Amino acid sequence: MHYRLSGPQGDVINTFADKPATLSLGSGELSPALEQRLLGLAEGVHTTFELAAGEAFGERNPDMVQWVSKKALREFGDPDEDYAVGDVVQFPAPTGQGSFAGAVQQVDDEAVLFDFNHPLAGQPVTFEVQLIGVL
């Protein structure tokens, strides 16, 4: 399928200009609210869904904005990495399976402030889908 996720600031993901995505429902690749919109769609359909603020990726959680020491970042990541506001950094999941991302909000001499909320958390979302096939 091709899909586009966008919020008030524009596209976050857009596969229409590239190769289509292959997704497995129930695997966590999309939020449950987005997966629900895909259930029952016929092959070939091209449609758009509007989701209310917070429905697609939940509300913003202030506890997911956290300082990470530069010492820990050097120890567990690239020791030569320079962090700048707006950078998105991948972190390994604590379970060792998969990863999660944090967006740099602020940098000081000792630590970096990351926002681990989904970029569209707490925002209305437009979900455009062109379903090419179902396997």
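The legends below accompany several close-up views of one protein, shown as a predicted model.

**Figure 1. The whole chain, with its helices and strands in order along the sequence.** In this predicted model, the secondary structure comes to 2 helices and 8 strands, and a reader who follows the sequence meets them in the pattern β-β-α-β-β-α-β-β-β-β. The C-alpha trace spans about 55 × 30 × 30 Å along its principal axes. Of the 135 residues, 30% count as buried, while the protein exposes about 8,500 Å², with carbon and sulfur atoms supplying 51% of that area. Among contacts with a separation of 6 or more, 58% are between residues 24 or more positions apart.

**Figure 2. The largest nonpolar core and the residues around L34.** This core has 16 residues, and those with the most contacts inside it are M1, Y3, L5, L30, L34, L51 and F127. The elements β1 (2-7), α1 (32-38), β3 (46-51) and β8 (125-130) each supply at least two residues of the core. When residues up to four places away in sequence are not counted, L34 touches L5, L51, A56, F57 and F127. Apart from this core lies another one, of 9 residues, which includes V89, V104, V112 and F114. In soluble globular proteins, nonpolar side chains tend to be buried together.

**Figure 3. F57, in the loop between β3 and β4.** F57 counts as partly exposed because its relative accessibility is 21%, and the cut-off for a buried residue is under 20%. Beyond its neighbours within four places in sequence, F57 is in contact with L5, S31, L34, H118, L120, A121 and V125. One of these partners, H118, is 61 residues away from F57 in sequence, yet their C-alpha atoms are 6.7 Å apart in space.

**Figure 4. W67, in strand β4 (residues 65-69).** With a relative accessibility of 43%, W67 counts as partly exposed. Its contacts, leaving aside neighbours within four places in sequence, are with Q106, D108, A111, V112 and L113, and V112 is also among the residues of the 9-residue core that lies apart from the largest one. The C-alpha atoms of W67 and D115 are separated by 8.9 Å, although the two residues are 48 residues apart along the chain.

**Figure 5. P8, in the loop between β1 and β2 (10-14).** Is P8 buried or exposed? P8 counts as exposed because its relative accessibility is 54%, and the cut-off for an exposed residue is over 50%. If residues up to four places away in sequence are not counted, P8 touches Q123 and P124. Between P8 and Q123 the C-alpha separation is 7.4 Å, although 115 residues along the chain set them apart.

**Figure 6. The largest pocket and the residues that line it.** About 400 Å³ of space lies in this pocket. The lining is made up of 16 residues, of which L23, L131, G133, V134 and L135 are the closest to the centre of the pocket. What classes of residue does the lining have? Sorted by class, the lining has 12 nonpolar residues, 4 polar residues and no charged residues.

Note on methods. Residues numbered from 1 in each chain as written. Predicted model: local features only at pLDDT ≥ 70, side-chain atom pairs only at ≥ 80, totals over all residues. Heavy atoms only, no water. Core = buried A, V, L, I, M, F, W, Y, C linked by side-chain atoms within 4.5 Å. Buried < 20%, exposed > 50% of the residue type's maximum accessible area, 1.4 Å probe, protein only. Helix = DSSP H or I, 4+ residues; strand = E, 2+ residues; numbered from the N terminus. Contact = heavy atoms within 4.5 Å. 1 Å grid on protein atoms, 1.4 Å probe; cavity = no way out; pocket = protein on both sides within 12 Å on 5 of 7 lines; lining within 4 Å. Points joined across faces, edges and corners; volume = space filled by probe spheres on them. Nonpolar A, V, L, I, M, F, W, Y, C, P; charged D, E, K, R; others polar. Areas by Shrake-Rupley, 256 points an atom, 1.4 Å probe, with all protein chains shown as cover.
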